[in-house]
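Trainee: I would like to go through this model and test each label against its criterion.
Mentor: Good. Ask, and we will set each value against its cut-off.

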Amino acid sequence: MSILVTGGAGFIGSHTCVELINAGYEPIILDNFSNSKRESINRIKEITGKEIRFIECDIRDRKGLDKVFAENDIEAVIHFAGLKCVSESVNEPLMYYDNNIGGTVTLCKAMEAAGCKRMVFSSSATVYGSENPSPMREDMPEGKTTNPYGTTKLYIERILKDLFASDNSWSVCLLRYFNPIGAHKSGKIGEDPKGIPNNLVPYVSQVAVGKLDHLNVCGNDYPTPDGTGVRDYIHVVDLALGHIKAVEKVLKETGCNTYNLGTGKGYSVLDVVKAFEKASGREVKYVIAPRRPGDIAICYSDPSKAKRELGWEATRGIEEMCEDSWRWQSQNPNGY
Ligand code: NAD
Ligand code: UD1
């Protein structure tokens with residue numbers, strides 16, 4: 001059974017393809033490689049021992065998409081393709097709206113024309129905004145997003161909900177990820193950011209491996225136990241397994257459902273630094289820096305709906321997340 005994985009060469013997509021293959025599905029990767037390398041696809045083959053089809057195509061290319069659907073028997077789409085850098089989205093909002101929203105609309109049109117109406121979409125906890133207290137629950141109102149990246153996720157969720165409301169034969173899962181980190185146990189695939197990382201764990205990894213001198217801890221005056229920001233870090237393999245459950249759901253029944261994918265536990269920036277030092281045996285130097293604009297103090301999930309309805313829960317803890325991130329980073333100090 002073929003599952004089209006847009007953005008499948010990226011961080012979360014590559015891990016999800018491995019788990020799809022392990023679960024007996026046939027993923028077909030569609031990616032324009034704007035934020036990934038082809039080597040990730042070779043690594044998926046090395047890990048699974050299976051060939052994997054891939055198509056270089058942009059999700060805004062309607063003709064290209066039509067060809068993909070005409071030539072393959074695609075049962076469902078897992079839609080990861082999107083740009084994800086918050087600061088870049090502030091400087092280049094049109095690029096984000098065009099790629100993420102425009103691309104999703106084009107993809108949905110191609111799916112509809114091909115009669116393939118099952119989609120699992122990569123949303124983000126960023127849609128909760130800053131007004132909701134943690135733990136975040138799916139029935140809380142979406143908040144005010146603080147940057148164009150977050151707004152694209154919020155609008156795409158609305159577009160997919162409107163699509164289902166207009167045609168109940170669609171089947172959609174909106175997955176709200178908390179903070180994915182970690183890597184596959186083999187150390188062969190992982191997060192490979194371009195330039196200086198924006199996110200905490202890729203930054204910490206590069207300090208530990210000696211590529212960056214020190215971490216800037218963005219604020220130590222938040223109302224949290226140690227004053228630094230608290231987040232719900234989730235192992236990318238747990239996240240990938242959540243997608244397998246979501247695919248099973250969209251293959252089984254119609255509907256439009258939203259699920260948090262998180263652990264329900266919060267760790268501070270300094271907790272992560274300590275866990276990473278332990279996992280790597282290296283010192284992670286840091287200095288306290290000003291707060292980062294747009295950041296909130298605390299964000300963690302209530303993951304109980306996914307457990308109840310999808311039969312999924314995260315099982316990997318912060319130590320394992322840091323060990324696996326470190327294995328990837330130390331085996332691939334310059335990425336792919
Ligand atoms: P990533 O950048 O590693 O993967 C995204 C992939 O999409 C890349 O391979 C990129 O080349 C591809 N892509 C981008 N635009 C495309 C287009 N127009 N056509 C075809 N391919 C395109 O990012 P990731 O961390 O794996 O994230 C995957 C998805 O999950 C994204 O939609 C992201 O916004 C969302 N998400 C990520 C996080 C996170 O912390 N990593 C959190 C919440 C949500
Ligand atoms: C960020 C994005 C979010 C996006 C997610 C995944 C913002 C405001 N939010 O989430 O929209 O979905 O990444 O791409 O950018 N930190 C430091 N020093 C650093 C980097 C981070 O102290 O160099 C702190 C942050 O202040 C925060 C925590 O580490 O408290 C986690 O940050 P990060 O990994 O960037 O994730 P989020 O901000 O939660």
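Trainee: In which hand does H7 pass H9, right-handed or left-handed?
Mentor: The crossing of H7 past H9 is right-handed. Keep in mind that this is a predicted model.

Trainee: Why are H7 and H9 called oblique to each other?
Mentor: Helix H7, residues 200-208, packs on helix H9, residues 269-280, at an angle of about 40 degrees. Roughly parallel would need an angle under 35 degrees, and roughly perpendicular runs from 65 to 115. The pair fits neither class, so H7 and H9 are oblique. Their axes lie 11 Å apart.

Trainee: Why do we quote both an angle and a distance?
Mentor: Two packed helices are described by the angle between their axes and the distance between those axes.

Trainee: What makes H1 and H8 oblique?
Mentor: The axes of H1 and helix H8, residues 236-252, cross at roughly 60 degrees. The perpendicular class starts at 65 degrees and the parallel class ends at 35. H1 and H8 are therefore oblique to each other. Their axes come within 8 Å, and the crossing is right-handed.

Trainee: Now ligand 1. How do you know that Lys-84 makes a polar contact with ligand 1?
Mentor: A polar side-chain atom of Lys-84 is 2.8 Å from an oxygen atom of ligand 1. The cut-off is 3.5 Å between N or O atoms, so the pair counts. Lys-153 passes too, with a side-chain N or O atom 2.9 Å from a ligand 1 oxygen. At Asn-32 the partner is a polar backbone atom, 3.2 Å from a nitrogen atom of ligand 1.

Trainee: How much of ligand 1 does the protein cover?
Mentor: On its own, ligand 1 has 820 Å² of accessible area, and the protein covers 95% of that.

Trainee: Which residues are closest to ligand 1, and how many surround it?
Mentor: The shell holds 27 residues, with Asp-31, Asn-35, Ser-36, Phe-80 and Asn-99 the closest. By class, 11 are nonpolar, 11 polar and 5 charged. Strand S5 gives the largest share, 3 residues.

Trainee: What makes Asn-179 a polar contact of ligand 2?
Mentor: A side-chain N or O atom of Asn-179 sits 2.9 Å from an oxygen atom of ligand 2. That falls within 3.5 Å, so it qualifies. Asn-199 also reaches a ligand 2 oxygen with its side chain, at 2.9 Å. For Arg-231 the distance from a side-chain N or O atom to a ligand 2 oxygen is 2.6 Å. The protein covers 88% of the 740 Å² that ligand 2 exposes on its own.

Trainee: Which element gives the largest share of the shell around ligand 2?
Mentor: Strand S8, residues 215-218, with 4 residues. There are 18 residues around ligand 2, and among the nearest are Asn-216 and Cys-218. The classes are 8 nonpolar, 7 polar and 3 charged.

Trainee: How do you know that the bond between Ser-134 and Pro-135 is cis?
Mentor: Omega is about 0 degrees there. Pro-135 is in the loop between S5 and H6.

Trainee: What is notable about the phi of Phe-33?
Mentor: Phi is near 60 degrees, a positive value in a residue other than glycine. Phe-33 lies in the loop between strand S2 and helix H2.

Trainee: Why point these two cases out?
Mentor: Because most residues other than glycine have a negative phi, and most peptide bonds are trans.

Notes. Residues are numbered from 1 along each chain as its sequence is written. Chains are lettered from A and ligands numbered from 1 in the order in which they are written. This is a predicted model: local features need pLDDT of at least 70, side-chain atom pairs count only at pLDDT 80 or more; totals for chains, interfaces and linings use all residues. Side-chain values use heavy atoms; hydrogens and water are left out. A residue is near a molecule or strand if one of its heavy atoms lies within 4 Å of it. A polar contact is a pair of N or O atoms within 3.5 Å; within protein, one must be able to donate a hydrogen and the other to accept it, and residues adjacent in sequence count only if both atoms are side-chain atoms. Accessible areas come from the Shrake-Rupley method with a 1.4 Å probe; for residues, only the protein chains shown count as cover. Helices (H or I, at least four residues) and strands (E, at least two) are DSSP runs, numbered from the N terminus. Ala, Val, Leu, Ile, Met, Phe, Trp, Tyr, Cys and Pro count as nonpolar, Asp, Glu, Lys and Arg as charged, and the others, Gly among them, as polar. Axes are lines fitted to C-alpha atoms, for helices over the stretch in contact, and angles run from 0 to 180 degrees between N-to-C directions. Angles under 35 degrees count as roughly parallel, over 145 as roughly antiparallel, 65 to 115 as roughly perpendicular and the rest as oblique. A crossing is left-handed if the near helix is turned anticlockwise from the far one by less than a right angle, and right-handed if clockwise.
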